[in-house]
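The following exercises are intended for a reader who meets this structure for the first time. Please attempt each task before reading its solution.

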Amino acid sequence: MFKRKTLISLMLIIFLLIFNSSSAYAYNLYGYKWSSPSIKYYYDNYISTRCKTFIGTAVSTWSSQGTKVSFSFSSTSPYVYCSEVSDSNATWDGITYISWGSNGYVTSATVVLNSGVTRTWNNDGALKSVAVHEFGHVLGLDENGTDKCIMNDATWGLQSRYETYSLTTPQKADVDAIKYLYP
């Protein structure tokens, strides 16, 4: 009798797991993407060498993740415009602005790195983390709370992508999201 009840309970649990499960993703998406995974980026000569270096690092990092995404430097529109500001009063060390059409395809994108946040700007790892994170937004990825991924909301603080987890490259959840957006 005990074996029969155990078997029935086990079958019920399996049934519930199979028919009650829903797909769960470890990433959040904005709802836009580029019409092609070959994306252009551009910056003017007036930005600092440090900013150019970390923009280049970010695009090469995303291009090397085993996805179809690739970046090339070009001033032919549409492209990601990359810029730099120095605003020590800002609460952000990097920010991305995206516009997209009703078809969900990006029409314009801007990435800005903030040299005024010296804690980040003067730390190579932290600045790489920010630049790679911002280009995740360019690709269509949203913030991902305090998860251990490059799209984690914060550079610094408890459960932050850089100070806590030391992340400077996309993690499996980030890469899976890109593979979903750009199959």
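Helices and strands are DSSP runs, a helix having at least four residues and a strand at least two, and both are numbered from the N terminus. The model is predicted.

**Exercise 1. Confidence**

Task: State the average pLDDT of the protein, and identify where pLDDT stays under 50.

Solution. Step 1: The average pLDDT of the protein is 89, and 86% of the residues score at least 70. Step 2: Over residues 6–24, pLDDT stays under 50. For this stretch the model has two contacts beyond four places in sequence. Step 3: Predicted coordinates should not be read in detail where pLDDT is low.

**Exercise 2. The cis peptide bond**

Task: Determine which loop holds Pro-78, and describe the peptide bond from Ser-77 to Pro-78.

Solution. Step 1: Pro-78 is found in the loop between strand S2 (70–73) and S3. Step 2: The bond that leads from Ser-77 to Pro-78 is cis, and its omega is near -5°. Step 3: Most peptide bonds are trans.

**Exercise 3. The loop between H4 and H5**

Task: Classify Gln-159, Ser-166 and Asn-144 as buried, partly exposed or exposed, and give phi for Gln-159 and Ser-166.

Solution. Step 1: The loop between H4 and H5 contains Gln-159, Ser-166 and Asn-144. Step 2: Buried means under 20% relative accessible area, exposed means over 50%, and partly exposed lies in between. Step 3: Gln-159 has a relative accessible area of 37% and is therefore partly exposed. Ser-166, with 52%, is exposed, whereas Asn-144, with 7%, is buried. Step 4: Phi is positive in Gln-159, at about 60°, and in Ser-166, near 55°; neither Gln-159 nor Ser-166 is a glycine. Most residues other than glycine have a negative phi. Step 5: Asn-144 also has a partner distant in sequence: Asn-28 is 116 residues away along the chain, yet the C-alpha atoms are 6.1 Å apart.

**Exercise 4. The surroundings of Ser-129**

Task: Establish whether Ser-129 is buried or exposed, and list the residues it touches beyond four places in sequence.

Solution. Step 1: Ser-129 belongs to helix H4. Step 2: Its relative accessibility is 0%, so Ser-129 counts as buried. Step 3: Ser-129 touches Ile-150, Arg-161, Tyr-162, Leu-167 and Thr-168 when residues up to four places away are not counted. Step 4: The C-alpha atom of Ser-129 is 8.3 Å from that of Ser-166, and 37 residues separate the two along the chain.

**Exercise 5. The largest nonpolar core**

Task: Find which element supplies the largest share of the largest nonpolar core.

Solution. Step 1: The core has 39 residues, and Ile-55, Trp-62, Phe-71, Val-80, Leu-113 and Phe-135 touch the most other members. Step 2: Elements that each supply at least two residues of this core include strand S1 (38–43), helix H2 (49–63) and strand S5 (106–114). Step 3: H4 gives the largest share of this core, seven residues. Step 4: Beyond four places in sequence, Ile-55 is in contact with Tyr-41, Tyr-43, Ile-47, Cys-82, Leu-113 and Phe-135.

**Exercise 6. The largest pocket**

Task: Describe the lining of the largest pocket by residue class and by contributing element.

Solution. Step 1: The largest pocket encloses about 250 Å³ of space. Step 2: Its lining has 18 residues, and Gly-94, His-133, Glu-134, His-137 and Glu-143 lie nearest the centre. Step 3: By class, the lining comprises seven nonpolar, six polar and five charged residues. Step 4: Strand S4 (94–100) and helix H4 (124–139) each supply at least two lining residues, and S4 gives the most, with four.

Terms used: Residues numbered from 1 in each chain as written. Predicted model: local features only at pLDDT ≥ 70, side-chain atom pairs only at ≥ 80, totals over all residues. Heavy atoms only, no water. 1 Å grid on protein atoms, 1.4 Å probe; cavity = no way out; pocket = protein on both sides within 12 Å on 5 of 7 lines; lining within 4 Å. Points joined across faces, edges and corners; volume = space filled by probe spheres on them. Nonpolar A, V, L, I, M, F, W, Y, C, P; charged D, E, K, R; others polar. Core = buried A, V, L, I, M, F, W, Y, C linked by side-chain atoms within 4.5 Å. Buried < 20%, exposed > 50% of the residue type's maximum accessible area, 1.4 Å probe, protein only. Contact = heavy atoms within 4.5 Å. pLDDT = per-residue confidence, 0-100.
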